[in-house]
Each structure stands twice: as structure tokens, then as C-alpha cells.
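Welcome! Below are a few short exercises, each with a worked solution, to help you find your way around a new structure.

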Amino acid sequence: SWGGPWLLGLLARLLLWGSPGARGSYLRRSSSCMPIPQSMALCYDIGYSDMRIPNLLEHETMTEVIQQSSSWLPLLARECHPDARIFLCSLFAPICLDRLIFPCRSLCEAVKRSCAPVMACYGYPWPEILNCNKFPADHELCIAAVSMDENSSSRRMPRASCQDCELEEASTAREILESLCANDFAVKIRILRRNTTTTISDFDLDPSKVEVLKHGPLLRTEIPARLQQWLDIDATCAHNIMRGTQAGVFVVSGDVQSDKVVVNKAYAWQKRNRNLHQAVRRWKHHRCPEQAE
């Protein structure tokens, strides 16, 4: 299947390209076109059907390509950058044209800026094989960032938290109260999923349904905006909390870290969570240990 705005943009640039100084590597005789197999989850259904072997990372066999590319799937699951898949597939599964087309240096740098911190969370450095200096400058023939083409330069790129955020079980009211005491802020909020196909920044805070339990170093009036920022930049956390639902009410608590908030605990506000209801009722009169001293 051939599709996607980034692919159409690339083909348009190829038709217009004629600069003798532009960098486009001519194919080696041993290079051949092969269908992208369904077992290559990273790049199957990316927008084109055939790829070059060997690829731009010098993988010689499809077995090696599938094995090496699968190790990047957990990073994509963290949704660290909207162009991460395009960048990786331009290397693992280069489009089958009469020359090899590299990703632009700026695309590499944009993806690295957002994704390298996520890799660092798990102890992995940005690999040397993806050294951005190896790739051509934007004025040369190369695959550029897609997010800019969609008038989304103002859209925040996700700066993923190292915290794997999941819904907590509302164990006992006392434990919940202790958790609220241990965090900078605690708020009861309603989150809505937008009707969109994008996987990044697709959640909205309902500003009419914000109940501040504890504001800590934040001003009460700035909490809705700060929590919307959290929904925008920590998409993985929001997805885990929502669990595929369209809307939900949650009690979330977390810390303030320089220019952003990080949610550490999230509880679903449901009738069966009696301990959570009890904790929120008791919170108004609860004194945290440091307050009691």
C-alpha cells in the first residue's frame, strides 16, 4: 500500500530533485527489493510495501532486520516522538527507489531529542549507528520531519516520564491518605479522549470538573493548565490510566518538577472504590505527619 503525507512529500521532492551536489547514494549491485513482511511489526503497513536489503544499517538478511527492528518496539510504545517510526523505518526498511534515501539530520535530531531521554530511563544510550551527524542536511535529498508538515510545530513534543504510570488499587483509606500527604499535589479530575486517530496529545482535561484536594507549591488557578500539559506530554501515562475508555474521573497526585508536573499515583473514581471515597471525604480534616508536628 502506498500512502501517507510524508511519502507523497518524499516522492514530490524526488521528482523535483536535480541538484548534482545533493546526496543520494546509488544502489550497490547486491541490493534488492523485498516485500516488508507482516512479522516486521516496526515497519509493516508504514505507507509503502517494498524495502531494500541490505538496509541502511547494513543488515544483510530479513531475519536479521526483523530481529533487530523488534528491539525498538518498546520505545515506540512510549510514544516519545510522532516521527520516530518514520525515522527508524527509513533505516531498517528503506523505501525501494532507484537510490537509497537517508533520513534528514534534522529528523534524526528531533527524534533523538525526545526519545533519547526515554532510552536513558532504562539504561540505554542513543546508539552510535544512529549518530545524527551521519545523515544529510535538510537541503539535500532526504526524508524530513512529518510533524512540521502538518502545521503542528506548536504542538508539544512528548517529554516522557521515566515513571510507568498505572491505575492504583484503592487499598485502604489510610494508605491513600498517606500517599496524598507524600505528594506535592492531589486533584480529582475528569479526562476526555478526543475523537482523533493520533496517539499523541489526544486527551483533554474537563476544566469544569477539577476539584483541588491539595495544591502544594502550585496556585489553584494554574492547576488545570499544568495538568493539561501533563496529558499532552506524558501520553503513555494517560493511555495506561484511561485503559481504552472515552472518559473517566480520577484522583491523581504527584510532584512538581521545574516546568512540569509528574503524576505518581492515579485512582479511578468509581462506586466500588469505597476506600477512595472515604479517603477523599476524610482529607479535608486530615493532618499529614509534618503538619501534626
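**Exercise 1.** Is F87 buried or exposed?

*Solution.* Please keep in mind that this is a predicted model. Start with the relative accessibility of F87, which is 0%. Buried means under 20% relative accessible area, so F87 counts as buried.

**Exercise 2.** Work out how F87 and W126 are arranged as an aromatic pair.

*Solution.* Step one is the distance: the ring centres of F87 and W126 are 6.4 Å apart. Step two is the angle between the planes, 15°. Planes under 30 degrees apart count as stacked, so the pair of F87 and W126 is stacked. Step three is to place the two residues: F87 lies in helix α4, while W126 is in the loop between α5 and α6, so the pair ties together parts that are 39 residues apart in sequence. Both F87 and W126 are buried.

**Exercise 3.** Now do likewise for F87 and F135.

*Solution.* Here the centres are 6.0 Å apart and the planes make an angle of 80°. Over 60 degrees counts as edge-to-face, so that is the label for F87 and F135. F135 lies in the loop between α5 and α6 and F87 in helix α4, so this pair ties together parts 48 residues apart in sequence. F135 has a relative accessible area of 4% and is therefore buried. To finish, step back to the wider group: ring pairs link W72, F87, W126 and F135 into a cluster.

**Exercise 4.** Which residues have the most contacts inside the largest nonpolar core?

*Solution.* The core has 43 residues, and those with the most contacts inside it are I36, M40, M51, W72, F87, W126 and L130. Next, look at the elements that build it: β3 (50–53), α2 (62–70), α4 (84–92) and α5 (105–121) each supply at least two residues. Apart from this core lies another, of 24 residues, including L205, A238, I241 and V261. As a background note, nonpolar side chains tend to be buried together in soluble globular proteins.

**Exercise 5.** How do α6 and helix α9 pack?

*Solution.* First take the angle, about 55°, and the distance between the axes, 8 Å. The helices α6 and α9 are therefore oblique to each other. Their crossing is right-handed. Last come the residues that meet: A173, I176, L177, L180 and C181 in α6 face a set in α9 made up of N275, L276, Q278, A279, R282 and W283.

Notes:
Residues numbered from 1 in each chain as written. Predicted model: local features only at pLDDT ≥ 70, side-chain atom pairs only at ≥ 80, totals over all residues. Heavy atoms only, no water. Core = buried A, V, L, I, M, F, W, Y, C linked by side-chain atoms within 4.5 Å. Buried < 20%, exposed > 50% of the residue type's maximum accessible area, 1.4 Å probe, protein only. Helix = DSSP H or I, 4+ residues; strand = E, 2+ residues; numbered from the N terminus. Phe/Tyr/Trp six-rings, centres within 6.5 Å; stacked < 30°, edge-to-face > 60°. Axes fitted to C-alpha atoms, helices over the stretch in contact; angles between N-to-C directions. Parallel < 35°, antiparallel > 145°, perpendicular 65-115°, else oblique. Left-handed = near helix turned anticlockwise from the far one by under 90°. Contact = heavy atoms within 4.5 Å.
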